[in-house]
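Trainee: I am new to this structure and would like a close look at a single part, the place where the two chains meet. Please take me through that part and then through what lies behind it on either side.

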Amino acid sequence: MTIIRHQPEKQAPPDAFSKGRTPTFEESAKESLANSQLRRNLGKATQTIRRKRAVAVAEMPDWEELREAGRALKSRTLRHLDDYLVQLEESVTRAGGQVHWARDAEEANRIIGGIAKSHDAKEVVKVKSIATDETKLNEYLEGEGIAAYETDLAELIIQLAGETSSHILVPAIHKNRSEIRELFMRELGVEDLSDEPPDLANAARLYLRKKFLSAKVGISGANFAVAETGTVCVVESEGNGRMCTTLPPVLVTLMGIEKVIPAWQDYEVFMQLLPRSSTAERMNPYTSFWTGSSQGSGDGPEEFHLVLLDNGRTDVLADEIGRQSLNCIRCSACLNVCPVYERTGGHAYNSVYPGPIGAILTPQLVGIGQSGPDSLPYASSLCGACYEVCPVKINIPQVLIHLRGKIVRHKQDEGGLMGKLDPENVAMQAMGRIFSNRKLYEGAQKAAHIGQWPLAKNGTIHRLPGKLAGWTEARDLKPVPEQTFRDWWKTRGKGSPSNGSSGDGAS
Amino acid sequence: MSAAREEILRRVRRSTRDVPGAEHPDDVPVERGYRKTDDTPRPEIVERFAERTAEYKAKVSRLSEADLPGAIRDALEACGVKGLVVPPGLPEAWVPDGVKVLRDGPGAQLTNDELDRSDGVLTGCALGIAQTGTIVLDAGEAQGRRALTLLPDYHLCVVREEQVVGLVPEAFAVLRDTVVGERRAVTFISGPSATSDIELNRVEGVHGPRTLEVLIVG
Ligand code: SF4
């Protein structure tokens with residue numbers, strides 16, 4: 001009989017949120033770039049999602065209005081975050097739930113571990129949650145003798161492989177079907193498995209069904225939680241989120257404090273923005289909304305715990321330019337359009353938050369002054385594609401430039417007068433002004449098209465700024481697109497073929 | 001009050017010092033310029049719902065009230081459903097003869113194992129959303145607890161034409177009372193369970209019911 005190992009032998013490599021130093025982006029990017037299988041998988045994946053997303057968004061005549069509402073709602077929430085958190089706590093408590101506050105990762109893990117132990121749980125089932133990746137909850141629980149089972153297919157794959165995620169949305173994007181087949185045969189003890197995706201999915205279904213039925217404790221993240229009603233929401237595709245939030249008698253949800261939204265009605269905005277931006281679907285297959293505990297109805301967990309996590313978020317909040325990074329709804333659209341991410345993959349970022357959003361969020365969350373995270377704001381060609389697709393309008397280039405300035409200033413403070421004259425700093429201050437102003441930003445993009453932008457020649461980016469320069473010497477980046485998304489958007493109403501007839505209702 | 005709570009709230013207040021003290025949350029403008037209602041004629045809305053639900057690989061049929069019991073019987077037979085889970089409040093006329101009925105209700109709840117061993121579940125719904133091809137369950141009449149539509153491998157769902165709304169905002173408006181007043185759980189279902197985790201190939205059926213069939217009654 002095969003003994004199934006639920007914990008991988010290989011430990012996941014350290015990232016920005018674990019103890020110890022992480023490599024810089026350029027160091028790690030070199031490795032990823034050398035892996036041609038990875039680059040092929042990533043290329044296929046990002047191109048597919050990109051194309052589909054454009055179709056899903058083009059179908060919406062009011063997409064820009066939704067984006068603006070999403071941005072404004074996030075801004076309202078963040079400016080009054082204390083009020084909304086207190087209101088959320090009241091609402092959840094009124095509905096029979098318990099609210100916990102965690103200043104940092106360690107405190108969050110201790111709270112969650114304590115809840116599991118109080119129910120004598122040796123096993124917990126988990127639905128994908130980047131917040132628990134950030135706090136390294138699985139490793140913590142393992143140390144406490146509690147096995148945490150990841151139940152998303154992709155998360156299961158990478159957990160079994162002892163790896164870390166390379167994409168927020170499709171964490172196993174770097175693995176192909178034959179690699180997955182081998183892994184399942186080895187780790188799940190399945191004999192006779194084909195490499196057809198339905199067979200692979202079925203193997204996971206059978207393996208995890210038993211876990212769902214026996215687990216006493218389920219652990220989830222949250223996409224949103226409503227201050228007004230206490231209603232928490234998990235958006236997913238596979239049904240494992242429904243399983244984890246419905247079947248175990250105890251449910252623990254870990255969410256970053258920035259995930260709160262003001263009112264029930266606000267779901268009408270975010271539930272339109274998120275599915276189309278992330279999986280390019282009109283709606284994802286399953287969304288669960290629940291309010292507190294079952295309170296005797298027999299529907300769902302008898303006990304519900306909501307853990308509110310800070311872990312650096314209040315530092316991000318303090319920076320008036322960086323604050324918008326907390327708008328993020330983790331759709332991963334910015335990853336899929338990023339020419340740098342497409343080539344290096346997620347691992348190069350050494351963070352649970354890869355891609356353009358990771359490049360701004362990671363150094364802000366962990367604090368400036370560490371070589372690994374500090375290298376991330378340089379992992380960008382500043383082409384602006386991320387800003388154009390972001391459903392909550394985070395001006396990622398602006399924040400990137402702003403952070404570069406902060407990083408250089410930090411070095412100055414450490415390095416005396418020489419640092420002050422660092423040409424990179426002077427240039428970055430100027431660029432920061434450009435990106436904070438829409439007109440200047442569009443002008444700069446046009447300049448890039450006609451080859452006058454300092455970093456672009458003939459529309460191709462030959463040289464990346466600062467620390468990435470060495471990397472582009474060997475490899476030209478894709479040209480800045482002829483027509484920016486913004487240009488396209490402005491003209492799409494005027495008989496452009498991309499404004500097809502499949503639009504919703506109002507057309 | 002926990003020390004962590006106090007400290008986090010203190011940090012939040014310190015970090016938002018730039019926000020004027022007199023500013024109320026509602027002072028931060030939120031422009032809701034997006035579509036709230038769909039004035040497309042009703043028949044088109046229902047047709048769109050049928051089309052889009054089908055695009056998510058759900059089997060969809062449109063039929064009259066009179067044909068409903070026969071259609072249910074045929075659908076269950078075609079899928080070989082013998083042990084059928086029935087939620088409280090489901091019209092008796094919907095349940096065909098010859099299937100083994102597993103009735104769930106207050107005081108007599110089926111266990112998760114019983115649900116897991118069943119062949120399928122028959123429910124109504126709270127709403128349909130045409131814009132997205134979504135079925136909404138709110139744990140109300142003819143729907144039951146969430147586990148009922150989660151563990152069986154086959155879900156047959158009856159949607160009445162008048163339950164279909166046009167746009168997503170209309171759905172959240174209708175659901176408001178259920179959530180605010182009764183705190184019932186709400187589930188959005190848009191096609192059967194799916195994954196694209198393996199080389200981005202869509203595979204139907206991971207953890208939820210692998211087959212979703214929708215009967216639209218008008
Ligand atoms: S930054 Fe914007 S585009 Fe990127 S993941 Fe967050 S919400 Fe999506």
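Mentor: A salt bridge, as the term is used here, is a side-chain nitrogen of Lys or Arg within 4 Å of a carboxyl oxygen of Asp or Glu. By that rule, a search of the whole structure, which is a predicted model, finds 47 salt bridges over all chains. Side chains of opposite charge can pair when their charged atoms come close.

Between chain A and chain B the count is 16 salt bridges. One of them joins R13(B) to D82(A), with the closest N and O atoms 2.9 Å apart. Polar contacts were also searched for across the interface of chain A and chain B, and 36 residue pairs are found, both residues of each pair being at pLDDT 80 or more. On the side of chain A that touches chain B, helix α10 (residues 197–214) of chain A supplies the largest share, 11 residues. By class, that side of chain A has 47 nonpolar, 27 polar and 29 charged residues.

As for extent, 103 residues from chain A and 82 residues from chain B take part in the contact. The area buried between chain A and chain B is about 8,000 Å², and carbon and sulfur atoms give 55% of that area.

Strands also meet across the interface. Strand β9 (residues 286–291) of chain A pairs with strand β9 (residues 186–189) of chain B in the antiparallel sense, over four bridges. Within this pairing, S288(A) has T187(B) in β9(B) as its bridge partner. Strands of a sheet pair through backbone hydrogen bonds, either parallel or antiparallel.

Now to chain A itself. Chain A has an open sheet of six strands in the order β1-β10-β7-β4-β2-β3, with parallel pairing. At the edges stand β1 (98–102) and β3 (147–150) of chain A; each has a single partner strand, so one side of each is left without a neighbour in the sheet. The twist averages 25° from one strand to the next. Inside the sheet, strand β4 (residues 217–220) of chain A runs parallel to strand β7 (residues 250–256) of chain A, and four bridges join them. There I219(A) stands opposite V252(A) in β7(A). The interface helix returns here: α10(A) lies across β2 (123–126) and β3 of chain A, at about 115° to β2(A).

Chain A also holds a salt bridge of its own, in which the side chains of K393(A) and E68(A) meet at 2.8 Å, N to O. This pair links distant parts of the chain, 325 residues apart: K393(A) is in the loop between α18 (385–389) and α19 (396–415) of chain A, and E68(A) is in helix α3 (residues 63–79) of chain A.

Chain B has an open sheet of six strands too, in the order β1-β12-β7-β4-β2-β3, with parallel pairing. The edge strands of chain B are β1 (59–63) and β3 (100–103), each pairing on one side only. Neighbouring strands of this sheet are turned by 20° against each other on average, direction ignored. Strand β7 (residues 154–160) and strand β12 (residues 211–217) of chain B run parallel, joined by seven bridges; V158(B) has L215(B) in β12(B) as its bridge partner.

Two helices of chain B lie across these strands. Helix α2 (residues 42–55) of chain B lies across β1, β7 and β12 of chain B and runs at about 155° to β1(B). Helix α3 (residues 68–78) of chain B lies across β1, β2 (83–86), β4 (120–123), β7 and β12 of chain B, and runs at about 165° to β7(B).

Notes
Residues numbered from 1 in each chain as written. Chains lettered and ligands numbered in written order. Predicted model: local features only at pLDDT ≥ 70, side-chain atom pairs only at ≥ 80, totals over all residues. Heavy atoms only, no water. Contact = heavy atoms within 4.5 Å. Buried area = accessible area lost by both parts, 1.4 Å probe. Polar contact = N/O pair within 3.5 Å; in protein donor to acceptor, adjacent residues only side chain to side chain. Nonpolar A, V, L, I, M, F, W, Y, C, P; charged D, E, K, R; others polar. Pairing = 2+ DSSP bridges. Axes fitted to C-alpha atoms, helices over the stretch in contact; angles between N-to-C directions.
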